[in-house]
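Please read the following paragraphs with the sequence and the three-dimensional view side by side. They go from the strands to the metal site, then to a cavity and a few single residues.

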Amino acid sequence: MNPLFILPLLGYNFGDVAPVMSAATIETHYTKHAQAYFDNLNRLVPGTEWDNASGKRSLEDIAREATTGPIAQNAGQAWNHVMFFEQFRPASQPNQPSDDLLALINQSFGSLEGLRAEFKQAATSLFGSGWVWLVMGASEHANTTSGDRRLFIQKCYNDDNPLRHGLQPILVADVWEHAYYLDYRNRRGDYIDNLWQAINWQVIADRL
Ligand code: MN
């Protein structure tokens, strides 16, 4: 029987994101860590309320709606890794946000540098394992009238994600140690600083 959930193919080779993340890091992260969440989910879901054999339950549905227990944990991690791996491109081909996206970033953070600084602060102050997200949504941080939507940064612990908080995910850094330890050891901040070099801004714009 075919698995219910399949980890999407990478849009680049394992070594393409080096030196931001090495080939060894990408290969282990993708084929071992991310794949394991999919394997777990495919073992856990059949016969439960989340079984999508009828085509009604996508991975995103489960990552949003299941909030406790192993199915929620593995669905959250599986979906978060899809978002993580699809947002990169070869580090040798750097690119920039579009003018529209940059205007939104400037409105929310003052500048791209402002976004990077706030993102790094969130990543280095997240105690333990988790994810740092750039999200779109109504925010307590937004000094605008209610109903306005803008970009802001959200720290999520363990398998959590913005879907569970009614927010739209735009960009994400995996700050579980397995994402950076081979290349950066304890230097999580350096990993975050370098990550921007490999971001595919077209993918980010498409998520808005
Ligand atoms: Mn990971």
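A residue is called buried when its relative accessible area is under 20%, exposed when that value is over 50%, and partly exposed in between. With these words in hand, strand β2 can be described: six of its eight residues are buried, and the strand is mostly covered. Keep in mind throughout that the model is predicted.

Strand β2 covers residues 150–157, and strand β1 covers residues 130–137. How do β1 and β2 pair, and over how many bridges? They pair in the antiparallel sense, over eight bridges. One place to find this pairing in the view is Val132, which stands opposite Lys155 in β2.

Strand β1 also has a link to β3: six bridges join them, and they too run antiparallel. Here Trp131 is a useful marker, standing opposite Asp174 in β3. Strand β3 runs over residues 168–174. Like β2, it is described as mostly covered, with six of its seven residues buried. When looking at any of these strands, it helps to recall a general rule: in a regular strand the side chains alternate between the two faces of the sheet.

Asp174 leads on to the metal site. Which protein residues are donors to the manganese ion? They are His29, His81 and His178, each through its NE2 atom, and Asp174 through OD, at 1.9 to 2.1 Å from the ion. Along the chain the spacing of these donors is written H-x51-H-x92-D-x3-H. His81 lies in helix α3 (residues 69–85), and His178 lies in the loop between β3 and α6 (181–184), so this pair ties together parts that are 97 residues apart in sequence. His81 counts as buried because its relative accessibility is 0%.

Next comes the empty space inside the protein. How many cavities of 30 Å³ or more are there? The count comes to one. The largest cavity has a volume of about 40 Å³. Its lining is made by Gln87, Phe119, Leu171, Val172, Ile192, Leu195, Trp196 and Ile199. Two elements, β3 and α7 (188–195), each supply at least two residues of this lining. Sorted by class, the lining holds seven nonpolar residues, one polar residue and no charged ones.

One of the lining residues, Ile199, is also a partner of Asn95: a polar atom of the Asn95 side chain lies 2.8 Å from the backbone oxygen of Ile199. The side chain of Asn95 also reaches the backbone nitrogen of Trp201, at 3.0 Å. Where does Asn95 sit in the chain? It is found in the loop between α3 and α4 (99–109). Is Asn95 buried or exposed? It counts as buried because its relative accessibility is 18%, and the limit for buried is under 20%.

Helix α7 also contains Tyr191. Tyr191 counts as buried because its relative accessibility is 0%. Between Tyr191 and Pro169 there are 20 Å from C-alpha to C-alpha, for a separation of 22 residues in sequence. Another pair can be read in the same manner: Ala122 and Cys156 are 34 residues apart along the chain, with 9.8 Å between their C-alpha atoms. Ala122 lies in helix α5 (residues 112–125), and it counts as buried because its relative accessibility is 9%.

The last topic is the backbone. A cis peptide bond, with omega of about 5 degrees, joins Ala18 and Pro19. Pro19 belongs to the segment before α1 (23–44).

Asn158 has a phi near 55 degrees, a positive value in a residue other than glycine. Its place is in the loop between β2 and β3, and it counts as partly exposed because its relative accessibility is 41%. Arg185 likewise has a positive phi without being glycine, here near 50 degrees. Arg185 sits in the loop between α6 and α7. It is exposed because its relative accessible area is 54%, and exposed means over 50%.

Note on methods:
Residues numbered from 1 in each chain as written. Predicted model: local features only at pLDDT ≥ 70, side-chain atom pairs only at ≥ 80, totals over all residues. Heavy atoms only, no water. Donors = N, O, S within 2.8 Å, 3.2 Å for Na, K, Ca; no water. Helix = DSSP H or I, 4+ residues; strand = E, 2+ residues; numbered from the N terminus. Buried < 20%, exposed > 50% of the residue type's maximum accessible area, 1.4 Å probe, protein only. 1 Å grid on protein atoms, 1.4 Å probe; cavity = no way out; pocket = protein on both sides within 12 Å on 5 of 7 lines; lining within 4 Å. Points joined across faces, edges and corners; volume = space filled by probe spheres on them. Nonpolar A, V, L, I, M, F, W, Y, C, P; charged D, E, K, R; others polar. Pairing = 2+ DSSP bridges. Polar contact = N/O pair within 3.5 Å; in protein donor to acceptor, adjacent residues only side chain to side chain.
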